[in-house]
Amino acid sequence: MGQIRLAVYGKGGIGKSTTSCNISAALAKRGKKVLQIGCDPKHDSTFTLTGFLIPTIIDTLQERDFHYEDIWPEDVIYQGYGGVSCVEAGGPPAGAGCGGYVVGETVKLLKELNAFDEYDVILFDVLGDVVCGGFAAPLNYADYCLIVTDNGFDALFAANRIAASVREKARTHPLRLAGLIGNRTSKRDLIDKYISHVPMPVLEVLPLIEDIRVSRVKGKTLFEMAESDPSLKFVCDYYLNIADQILAQPEGVVPQDAQDRELFSLLSDFYLNPQQPKKTQEEELDLMMV
């Protein structure tokens, strides 16, 4: 199996980084050497793996006046849970610069350090509320995009914009959408409504489990928490299932995203005119008798 490069996107606050960290840990559990690269100015993508905010590449480069020859792998690559290597790209100053430039500098430095090709899986965890050209840059390096969403309107609207970015990048890159991951949701009816209109795989839908949120606060993956609390092992199975699907190197899809107004109408109508569940034959007979 050759190297697999993943770009994980999703609306802010959806649990994308927590999902990314647990997928990285699951891939490591499957014996793969994994590098996770955080591509968010908050530089907290890898917190769940390391338990602290690691220094960013852009800060390290600035400290060395962008002299790449003065930087060693240990200056920017930190070991997280399960042996997952962690890098934080960082971001430009607020209101200035471009996130895409920072991602490009990160990849450039890792290649200078001969580190980029040492891994079985490279996972980019990317800010994804609005996928501008800069924050779409990781798609240039990815084989697959994964979209994290929940069963809500805003997250699916963001997911559709991300799907549009995948479609656009797939014109010039061998990029495919591996599928959606539903995170911490008690229902999936709106997800199903969306994918009936914009067909794409659903890799997994994780239930509304409070320990997923708690893991983020603790700075621990579910796998590490399960070591002291075996009752959480069933949660780890969700991430292992996602990892297994990725390692199977699925064909993926080039999504045909919906137009904004079309999607707004589709999802709004679902909220305003919810479909009533069909009555069972027994209920229909009771109604006829009445």
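Here are a few friendly notes on this predicted model, going through its pocket, a helix pair, the record's binding sites and a cavity.

1. **The largest pocket.** A good place to start is the largest pocket, which holds about 350 Å³ of space. Its lining counts 18 residues, and those nearest the centre are Gly 13, Ile 14, Gly 15, Lys 16 and Ser 17. By class, the lining of this pocket has nine charged, six polar and three nonpolar residues.

2. **Helices at the pocket.** Which helices each supply at least two residues of that lining? They are α1, running over 16–29, and α8, running over 210–218. Lys 16, one of the residues nearest the pocket centre, has its place in helix α1.

3. **How α1 and α8 meet.** Two packed helices can be described by the angle between their axes together with the distance between those axes. Here the axes of α1 and α8 come within 10 Å and cross at roughly 85°. The two helices are therefore roughly perpendicular to each other. On the α1 side, the contact is made by Ser 17, Thr 18 and Asn 22; on the α8 side, by Ile 212, Ser 215 and Arg 216. Sorted by class, the residues of this contact are four polar, one nonpolar and one charged.

4. **A binding site from the record.** In an unreviewed entry, UniProt places the feature "binding site" at Gly 13, Ile 14, Gly 15, Lys 16, Ser 17, Thr 18, Lys 42, Asn 183 and Arg 184. If you follow these positions in the model, the lining of the largest pocket takes in Gly 13, Ile 14, Gly 15, Lys 16, Ser 17, Thr 18, Lys 42, Asn 183 and Arg 184 from this set. Ser 17 and Thr 18 will be familiar from point 3, as they also take part in the contact of α1 with α8.

5. **The two cysteines.** The unreviewed UniProt entry also places the feature "binding site" at Cys 98 and Cys 132. They span 35 residues in sequence, yet their C-alpha atoms are no more than 9.9 Å apart, so they gather at one spot. For orientation, Cys 98 sits in the loop between β4 (85–88) and α5 (99–112).

6. **A cavity to look at.** How many cavities of 30 Å³ or more does a search of the whole structure find? The search finds one, and the largest cavity has a volume of about 30 Å³. Its lining is made up of Cys 39, Asp 40, Pro 41, Ala 89, Gly 90, Gly 91, Pro 92, Gly 99, Val 102, Val 103 and Phe 135. Helix α5 gives the largest share of this lining, with three residues. Seven of the lining residues are nonpolar, three are polar and one is charged.

Notes:
Residues are numbered from 1 along each chain as its sequence is written. This is a predicted model: local features need pLDDT of at least 70, side-chain atom pairs count only at pLDDT 80 or more; totals for chains, interfaces and linings use all residues. Side-chain values use heavy atoms; hydrogens and water are left out. On a 1 Å grid over the protein atoms alone, a cavity is a set of points where a 1.4 Å probe fits but cannot get out, and a pocket is an open set with protein on both sides within 12 Å along at least five of seven lines; lining residues have an atom within 4 Å of a point. Grid points are joined across faces, edges and corners, and a volume is the space filled by probe spheres set on the points. Helices (H or I, at least four residues) and strands (E, at least two) are DSSP runs, numbered from the N terminus. Ala, Val, Leu, Ile, Met, Phe, Trp, Tyr, Cys and Pro count as nonpolar, Asp, Glu, Lys and Arg as charged, and the others, Gly among them, as polar. Axes are lines fitted to C-alpha atoms, for helices over the stretch in contact, and angles run from 0 to 180 degrees between N-to-C directions. Angles under 35 degrees count as roughly parallel, over 145 as roughly antiparallel, 65 to 115 as roughly perpendicular and the rest as oblique. Contact means heavy atoms within 4.5 Å. UniProt positions are given in the numbering used here, feature names are shortened, and annotations may be inferred rather than shown by experiment.
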